[in-house]
Amino acid sequence: MKEVRFMLPDISEVEIDNVVEVLRSGWITTGPKTKLLEKKLATFVGNYPFDAMVSPGQTNGQSSIANHQSPRCVCLGSATAAMELSLRLLGIGCDAGGSADDEVITCAYTYTASASVINHVRARIVLVDCSDKDGSIEMDYTKLEAAITENTKAIIPVDIAGVPCDYDRIFEIVEKKKSLFVATSELQNAIGRIAVIADGAHALGASYKGTMVGSVADFTAFSFHATKNFSTAEGGALCWNHIDGIDDSNIYHRIQLFSLHGQSKDAYAKNQMGAWEYDIIGTWYKCNMTDIAAAIGLGQFERYPGMLARRREIIERYDAAFKPLGIKVLDHYTDERISSGHVYITRIPGINREQANEIMQEMAQAGIATNVHFKPLPMHTAYKNLGFDIKDYLVAYAKFENEITLPLHTKMSDEDVVYVIETYIAILHKYFEGK
């Protein structure tokens, strides 16, 4: 029987050779490869404003954390770390210098990381239901606007499946609500309104109205987990737009301090001849990226345009097969939004979750792995314990109830794609005939 995995990391000899080079270099944790990946990522998303940068490792006897012009990107251990550190940078939540009354809004239909980081900084999670529009799992922007109060400090929109949110609408809302906004930190004051922190975990390579995700929102968190389009096995990055009155290098250095125990020198600088001495600026965290992981990412960069093109090709073949049958899918490619094509979400009208699970079992018996993106947050124990109830998020539940995610990755052959299409259609026909 043919087998089609749900996701597979696309690792080639390029990435393997890069990792071997790092392993043989004598330096495997955060160092020159990580710095180079930050620069490449910032350039890729249109967020690298400088013509030159001091070469990684050049410290002139000083801290490397304060000695070069910085890209507007820091590589970290995960997208979760990136989102949390952006909240801490902004001083949101009583664990980050703000207040327990600080509120951060995100979508009820997402993975836990979008909301758990709000809890980590001890701010108040505010969940907004989905739009009932077909072809979208975005927040309902009317409900988003209504949810904003004088305590709202940030919004975390989620680019699910790699499809960018309606950022024009989001920025229109935060501008409209400026009169309610009360800044409680220097960075909040410089922004002058509610901050927009994009959960772009799925969205590296996506664009909104010609602007790359990563330079649309104030801050954008990317994931490079093993299941993502662009992978470093584990890892992520935080990118940001320039904020008037704020030195980008100060943001860069602050995030580096947050990610490495508050240590004034990174490990690479500290290990240079005669440069051991360092200071601990704050009692902070440990979520830096290693050069081994960065080496994988640098290899991925060489092939990423082709990988994005292949994902689009598969999605367009899926769309051509499924849309005429009335299967609901996301709009990945429009005049305004270009997706990264991370996952292929389908919804089958007229069925419930139990029936959708039966169809997924049929697919599994045919050797095809499927998944669900996502079980809404209010259905999970942790969020029930925080007081959320799925009855307050009926559109999110309706989007989840009949959702099935099909395999989509660049290790799929054309034969695999045809097999998924033909098998899915055959199972659906058989299922509905039997009903």
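This passage walks through one helix, the nonpolar cores, a buried serine and the cysteines of the structure above. The model is predicted, so local features are given only at pLDDT of at least 70 and side-chain atom pairs only at pLDDT 80 or more, while totals for chains, interfaces and linings use all residues. Residues are numbered from 1 along each chain as its sequence is written, and side-chain values use heavy atoms, without hydrogens and water.

A good place to start is helix 1, residues 13-25; helices here are DSSP runs of H or I with at least four residues, numbered from the N terminus. With 13 residues at 1.5 Å a residue, helix 1 should span 18 Å, and its end C-alpha atoms are indeed 18 Å apart; the expected span is 1.5 Å times one less than the number of residues. Glu15, Asn18, Val19 and Val22 of helix 1 are buried, where buried means under 20% relative accessible area and exposed over 50%, with partly exposed in between (1.4 Å probe, protein chains only). These four residues lie on the same side of helix 1, because they cover an arc of only 95 degrees around the axis, taken from the directions from the helix axis to the C-beta atoms. The buried residues of helix 1 pack against helix 2 (32-44) and helix 10 (291-322), whereas the face turned away from the buried side carries the exposed Glu13 and Arg24.

Attention now turns to the interior. The largest nonpolar core has 85 residues; such a core is a set of buried Ala, Val, Leu, Ile, Met, Phe, Trp, Tyr and Cys residues joined through side-chain atoms within 4.5 Å. Helix 3 (residues 79-90) gives the most to this core, with eight residues. A second, separate core of 28 residues includes Phe322, Val329, Ile404 and Ile427.

Serine 114 sits in helix 4 (residues 113-120) and is buried, at 1% relative accessible area. Leaving aside neighbours within four places in sequence, serine 114 is in contact (heavy atoms within 4.5 Å) with Met83, Thr106, Ile156, Val158 and Asp199.

Finally, the cysteines. The count of disulfides is zero, a disulfide being a pair of cysteine sulfur atoms within 2.5 Å. The sulfur of cysteine 239 is 3.8 Å from the closest cysteine sulfur, in cysteine 73, which is too far for a bond. Cysteine 239 is buried, with a relative accessible area of 1%. Cysteine 287 counts as buried at 14% relative accessibility.

Methods. Helices (H or I, at least four residues) and strands (E, at least two) are DSSP runs, numbered from the N terminus.
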